[in-house]
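Subject: Structure handover

Hi,

Here is the structure we talked about. Please open it first, then read the notes below.

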Protein chains: 2
Amino acid sequence: MRDFSQDHRWLSINTATVRKSRGVDVPLVDIIEACAQRGIRAISPWRDQVAAAGLDVVSKLIRQHGLELSGYCRGGMFPAVGADALKAARDDNRRAVDEARELNAKCLVLVVGALPGALAGKALHKDIAHARSQVRDGIAELLDYAKSVQMPLAIEPLHPMYAADRACVNTMEQALDVCDELDPSHSGALGVAVDVYHVWWDPKLQAQIERAGQSRLLAFHVCDWLTPTTDLLNDRGMMGDGVIDIPRIRDWMEAQGFAGYSEVEIFSTGNWWQRDMAETLDTCLARHRATV
Amino acid sequence: MRDFSQDHRWLSINTATVRKSRGVDVPLVDIIEACAQRGIRAISPWRDQVAAAGLDVVSKLIRQHGLELSGYCRGGMFPAVGADALKAARDDNRRAVDEARELNAKCLVLVVGALPGALAGKALHKDIAHARSQVRDGIAELLDYAKSVQMPLAIEPLHPMYAADRACVNTMEQALDVCDELDPSHSGALGVAVDVYHVWWDPKLQAQIERAGQSRLLAFHVCDWLTPTTDLLNDRGMMGDGVIDIPRIRDWMEAQGFAGYSEVEIFSTGNWWQRDMAETLDTCLARHRATV
């Protein structure tokens, strides 16, 4: 297992972590500069942040700073009702692949979607099995395109509390079943993003990480699970402030040969997004060394 | 599949559903009277409510009304740090079995516990595997006692969002693994409580209900998953107000021979606990017929 205690060589910042500073939106360009100043070698930006800054601007800036992208957030949201909505999702996912390619990301992270309409508060149906079949079909189709431009797709199993509205792939086992069906040769074109927040509770986690193996372990995301958790989406904790045994999970990943970045992804309306970006980033660095 | 549309013969009220009326605690005796007035044939009371009313009083009242207990809530909370705390949990669980026996409950529901201290906001350790091993040992020991007084134990897999603080048994598969280890003969002494709120998301749900079979399917709890859900514990929805396809899950249960009560268990600080108990109960009856 790699020693993280001496530096932050293997730290990546998911830019959602500092989406806000003192409650105010931070432009992606400012986030990139702040990361570069700290010698952070990798980030994982969100599409809306990239779009606001301009893809060309972001592309130039990360090359200028020699920044890597541990991933690109995000594609997915495949399930839909009606041919037009399905086609819109397909087209948007291809654009996400293109952007990830332009930014030279390690992978495009897929938050696969769930019951259409649920995220807006009104599910159009209750058939989660059907949503899952649309996810499978959507990934299958996108995979052909992603392979053609050599952009790996990382299915991110989301915590089951998001099964209704964000992602109906909710365990590593389920994600790997899709991988095994669509990429039986373990080509490296399809794998998983392992976010400890989503999977730490799973009694089969270690076994499924072993099943995945190096070729499918495309990304590793960290934050922490707080007790109590006061919001289903935006109350993630800083590493070390919650109950997740992060080093144990990282050890399981690295035992399979994972050697990539540990990407900090924290959504925190009430705490970290209220602090100054500098404090949040400096805390990420310190906790990366001490508790990841 | 049984026809629920004509009557509420197979409805049970978990008394937490009407724990409060217009925001004020309701004595269990009043809940029992209100249920009896409506021809409800079964309830599932909580230990704190029974203790407040007096076990003898409750026992007499339910016999007088001919009420059944679809379950008794609850035993569990096995993990602990230190011999004294483990013994206290063991002793308390034996008392729960005795109370369930006195009330002639169908089963004692087990919410098995998780990381000690987490429910109070400060986990004493992060070793969920150790907590799970204490749960296994705690159930094994309690099972001997429960068998001696013929009180079935129903492990309730709780939604993974409760893995830190309430229950580290989080899937049907995991619960049934414990059942298979401790009760290989499917004696009926050990099984599961299937609460749709906790398990609806699970891609293996149907397969695990089939695996369980009639002898292990001891209870069936219903409510609904709201989008959005604003609180991890106390924002459960009334059946029909959320995204769970309840009849489909009930169909899977009944295909295995489950013929027990459909128990309504809703924790709802902001909505149902603010309404009048009569309205909440009448709505449970209507929704039981229309959407369960």
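Where in chain B does B:Leu67 lie? B:Leu67 sits in the loop between α3 (55–65) and β5 of chain B. Keep in mind that this is a predicted model.

Is B:Leu67 buried or exposed? Its relative accessibility is 10%. The cut-off for buried is under 20%, so B:Leu67 counts as buried. Setting aside neighbours within four places in sequence, B:Leu67 is in contact with B:Ile32, B:Ile40, B:Arg41, B:Ala42, B:Ile43 and B:Ile62. One of these, B:Ile40, is 27 residues away along the chain. The C-alpha atoms of B:Leu67 and B:Ile40 are 7.9 Å apart.

Now the sheet in chain B. Nine strands form an open sheet with parallel pairing. The order is β5-β4-β1-β11-β10-β9-β8-β7-β6. The edges are β5 (68–69) and β6 (72–76) of chain B, and each pairs on one side only. So B:Leu67 is in the loop that leads from α3 to an edge strand, β5 of chain B, and is buried at 10% relative accessibility.

Further in, β9 (residues 190–195) and β10 (residues 217–222) of chain B pair in the parallel sense over four bridges. B:Ala193 stands opposite B:Ala219 in β10(B).

Two helices of chain B to look at:
- Helix α5 (residues 128–148) of chain B lies across β7 (108–111), β8 (153–155) and β9, at about 155° to β8(B).
- Helix α9 (residues 246–255) of chain B lies across β9 and β10, at about 170° to β10(B).

Strand β9 of chain B is thus crossed by both α5 and α9.

Next, the annotation. UniProt lists residues 33–277 of chain A as "domain: Xylose isomerase-like TIM barrel", in an unreviewed entry. Over that range, chain A is 40% helix and 13% strand. The end C-alpha atoms of the range are 12 Å apart.

Last, the two chains together. How does chain A map onto chain B? A turn of 180° with a shift of 0.0 Å along the axis lays chain A on chain B, with an RMSD of 0.0 Å. The copies are therefore related as by a two-fold rotation axis. Both use the same surface: 97% of the contact residues of chain A recur in chain B.

The contact takes 39 residues from chain A and 38 residues from chain B. About 2700 Å² is buried between the chains, and carbon and sulfur atoms give 64% of that area. On the chain A side, A:Lys126, A:Trp201 and A:Leu232 lose the most area to chain B. Together they make up 22% of what that side buries.

Best wishes

Note on methods: Residues numbered from 1 in each chain as written. Chains lettered and ligands numbered in written order. Predicted model: local features only at pLDDT ≥ 70, side-chain atom pairs only at ≥ 80, totals over all residues. Heavy atoms only, no water. Pairing = 2+ DSSP bridges. Contact = heavy atoms within 4.5 Å. Axes fitted to C-alpha atoms, helices over the stretch in contact; angles between N-to-C directions. Buried < 20%, exposed > 50% of the residue type's maximum accessible area, 1.4 Å probe, protein only. Least-squares fit on C-alpha atoms with pLDDT ≥ 70 in both. UniProt positions renumbered as here; feature names shortened; annotations may be inferred. Buried area = accessible area lost by both parts, 1.4 Å probe.
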